[in-house]
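Reader: Hello! Could you walk me through the binding site here?

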Amino acid sequence: MIEVTAGRYLGMYRDMLRVRLFEFALEREFQRGKVPGMLHTGVGQEATLAAVAHALRPEDGIFPDHRCHGLLFLKGTPGEKIMAELFGKATGVCSGKGGSLHTADARVNNFGDNAVEGSFMVTALGVGLGWKMQGKRSLAAVMVGDGTSGRGEWHESLNLAVAWKLPILYCCVNNGYAISTPAAASHATANLTEFVAGYRIPAVQVDGNDLLTAWETTCTGVEHIREGKGPYFIEYKTG
Ligand SMILES: Cc1ncc(C[n+]2csc(CCOP(=O)(O)OP(=O)(O)O)c2C)c(N)n1
Ligand SMILES: [Mg+2]
């Protein structure tokens, strides 16, 4: 049983709020035409993002997806450097050349997003394998959405991560839609834990809007991986 301290609880709540305020500010500027390129926000996914961030250590890695601006600064990149990046400024964390979908920061083990949904699930295999071969106890948290589960990389990644017992935490935010396509219209099941069961990966479903449960479940997954037992899959239901 993982006990939450008052400090941790408050810290996670504060971080949820920081994510919400950051995204609201961004949305406002986007609507004024000030933010170049595409924008997808993490509004409604704050509890999951805070839970994941608070379960990780600095030496762990993240593979954020298109709704993870919040996770970028919760992992340690200064918020102003991310905001500058999103505005395409030279002071941004990737000199303003990456924008919302390509924001990486090696200093905090943020391996970066990629506009091709799911492709970074394969990249994570290499990072996990490298760390395992080096005897490190770090793990890589991969953020993906339910819609991405139709991609080939999703299945390739889960398959090899289990076969090679890699230290990868799959964090799947299931909001029930891929843009406007409901999960039921494109997948055999809306429960992704069922979908991945064939890969024999421990797969747990949790209410992604319930901060404490989401954090406890994420910590359990992290513990499993640190014990060298291989990958872990969590489906955070937010829809
Ligand atoms: C390979 C690929 N196909 C399509 C897109 C366009 N696209 C961007 S976000 C998105 C929805 C993805 O759905 P999901 O993974 O459920 O994430 P959500 O937006 O619901 O958080 C799509 C189709 C893309 N970026 N990459
Ligand atoms: Mg979705």
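Reader: Which residues are the closest around ligand 1?

Author: Happy to help: this is a predicted model, where local features need pLDDT of at least 70, side-chain atom pairs count only at pLDDT 80 or more, and totals for chains, interfaces and linings use all residues. Residues are numbered from 1 along each chain as written, chains are lettered from A and ligands numbered from 1 in written order, and side-chain values use heavy atoms, without hydrogens and water. Counting residues with a heavy atom within 4 Å, 14 surround ligand 1, and the closest are Arg67, Ala115, Gly147, Thr148 and Tyr177.

Reader: What is the distance from a nitrogen atom of ligand 1 to a polar backbone atom of Ala115?

Author: A polar contact is a pair of N or O atoms within 3.5 Å. Asp146 places a polar side-chain atom 3.0 Å from a ligand 1 oxygen, and Gly147 has a backbone N or O atom 2.7 Å from an oxygen of ligand 1. For Ala115 and the ligand 1 nitrogen, the value is 2.6 Å.

Reader: Which protein donors does the magnesium ion (ligand 2) have?

Author: Donors are N, O and S atoms within 2.8 Å of the metal (3.2 Å for Na, K and Ca); water is not among the atoms, so sites may look incomplete. Along the chain, the donors of the magnesium ion follow the spacing D-x28-N-x1-Y. Lying 2.0 to 2.1 Å from the ion, they are Asp146 (OD), Asn175 (OD1) and Tyr177 (O).

Note on methods:
Polar contact = N/O pair within 3.5 Å; in protein donor to acceptor, adjacent residues only side chain to side chain.
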